[in-house]
Amino acid sequence: MGLFDNRFASKNAAMSRAFSIDSEKDKKKRNFTHEPAAPKMGVCDKCHKEALLRTYRFKEMSMSDGVASFGTVVKHLCEDCAPRSKRVEDASVPAMDKKQVKNLMRSAKKGLL
Ligand SMILES: [Zn+2]
């Protein structure tokens, strides 16, 4: 029994050690990725205006020789060209396409007449 307890305890200790190392790594990774990059003056990759730029990483799929490969593309974008977060995008993009908007405008006008 005593042997089992010892083994269990040491296994437990090893696991908690491993866990604390992992969480320490995670913390460092989180800090690294969430650290806001300081905006720098430069030329925007999208609109080619000189502006304060932030660095963005995009996952991009490219085809070469018929083989798809995934890579990370780093772009420097000004505030205007900066990608919006998914949440902002979902909130700001209307669930209507142009035709639907046109129809809505038309019916709104009809209602006014
Ligand atoms: Zn731009």
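## A tour from strand 1 to the zinc ion

Begin by selecting Lys-40 and Leu-53, for Leu-53 in strand 2 is the bridge partner of Lys-40. What you see is a predicted model, in which local features need pLDDT of at least 70 and side-chain atom pairs count only at pLDDT 80 or more, while totals for chains, interfaces and linings use all residues. Residues are numbered from 1 along each chain as its sequence is written, and side-chain values use heavy atoms, with hydrogens and water left out.

**The whole chain**

Show the chain as a cartoon and follow its pattern along the sequence, which reads α-β-β-β-α-α, with three helices and three strands in the chain. Both kinds of element are DSSP runs numbered from the N terminus, helices being H or I over at least four residues and strands being E over at least two. If you colour the 113 residues by accessibility, buried residues make up 7% of them; here buried means under 20% relative accessible area, exposed means over 50%, and partly exposed lies in between, with a 1.4 Å probe and protein chains only.

**The sheet**

Next select the three strands, which form an open sheet in the order 1-2-3 with antiparallel pairing. Strand 1 (40–43) and strand 3 (67–78) are at the edges and have a single partner strand each, so one side of each is left without a neighbour in the sheet. From one strand to the next the twist averages 35 degrees, where the axes are lines fitted to C-alpha atoms (for helices over the stretch in contact) and angles run from 0 to 180 degrees between N-to-C directions.

Two strands are said to pair if DSSP finds at least two bridges between them. Strand 1 is joined to strand 2 (residues 50–64) by four bridges, whereas the antiparallel pairing of strand 2 and strand 3 extends over twelve bridges. To cross from one pairing to the other, return to Leu-53, whose bridge partner in strand 3 is Cys-78.

**Val-43 in strand 1**

Now select Val-43, which is found in strand 1 and has Glu-50 in strand 2 as its bridge partner. Val-43 is partly exposed, with a relative accessible area of 46%. Leaving aside its neighbours within four places in sequence, Val-43 is in contact (heavy atoms within 4.5 Å) with His-48, Lys-49, Glu-50, Leu-53 and His-76. Add Leu-77 to the selection, and you have a pair 34 residues apart in sequence and 8.0 Å apart in space, C-alpha to C-alpha.

**The two turns**

Move on to His-48, in the loop between strand 1 and strand 2, where the two strands form a hairpin with six residues between them. His-48 has a positive phi of about 60 degrees although it is not a glycine, and His-48 is exposed, with a relative accessible area of 58%.

Then select Asp-65, in the loop between strand 2 and strand 3, a hairpin with two residues between the strands. Phi of Asp-65 is near 55 degrees, again a positive value in a residue other than glycine, and Asp-65 is exposed, with a relative accessible area of 80%.

**The zinc ion and the core**

Which atoms coordinate the zinc ion? Select Cys-44, Cys-47, Cys-78 and Cys-81, whose SG atoms coordinate the zinc ion at 2.3 to 2.4 Å. Donors are N, O and S atoms within 2.8 Å of the metal (3.2 Å for Na, K and Ca), and sites may look incomplete, since water is not among the atoms. Along the chain the donors follow the spacing C-x2-C-x30-C-x2-C. The four donor atoms subtend angles of 107 to 114 degrees, which makes the arrangement tetrahedral, a term that requires all angles between four donors to lie between 85 and 135 degrees.

Among these ligands, Cys-78 and Cys-81 are both buried. Apart from its neighbours within four places in sequence, Cys-81 is in contact with Cys-44, Lys-46 and Cys-47.

Finish by selecting Cys-44, Ala-51, Leu-53, Leu-77, Cys-78 and Cys-81, the six residues of the largest nonpolar core. Strand 2 and strand 3 each supply at least two residues of this core. A nonpolar core is a set of buried Ala, Val, Leu, Ile, Met, Phe, Trp, Tyr and Cys residues joined through side-chain atoms within 4.5 Å.

Note on methods
Tetrahedral: all angles 85-135°; square planar, octahedral: opposite > 155°, others 65-115°.
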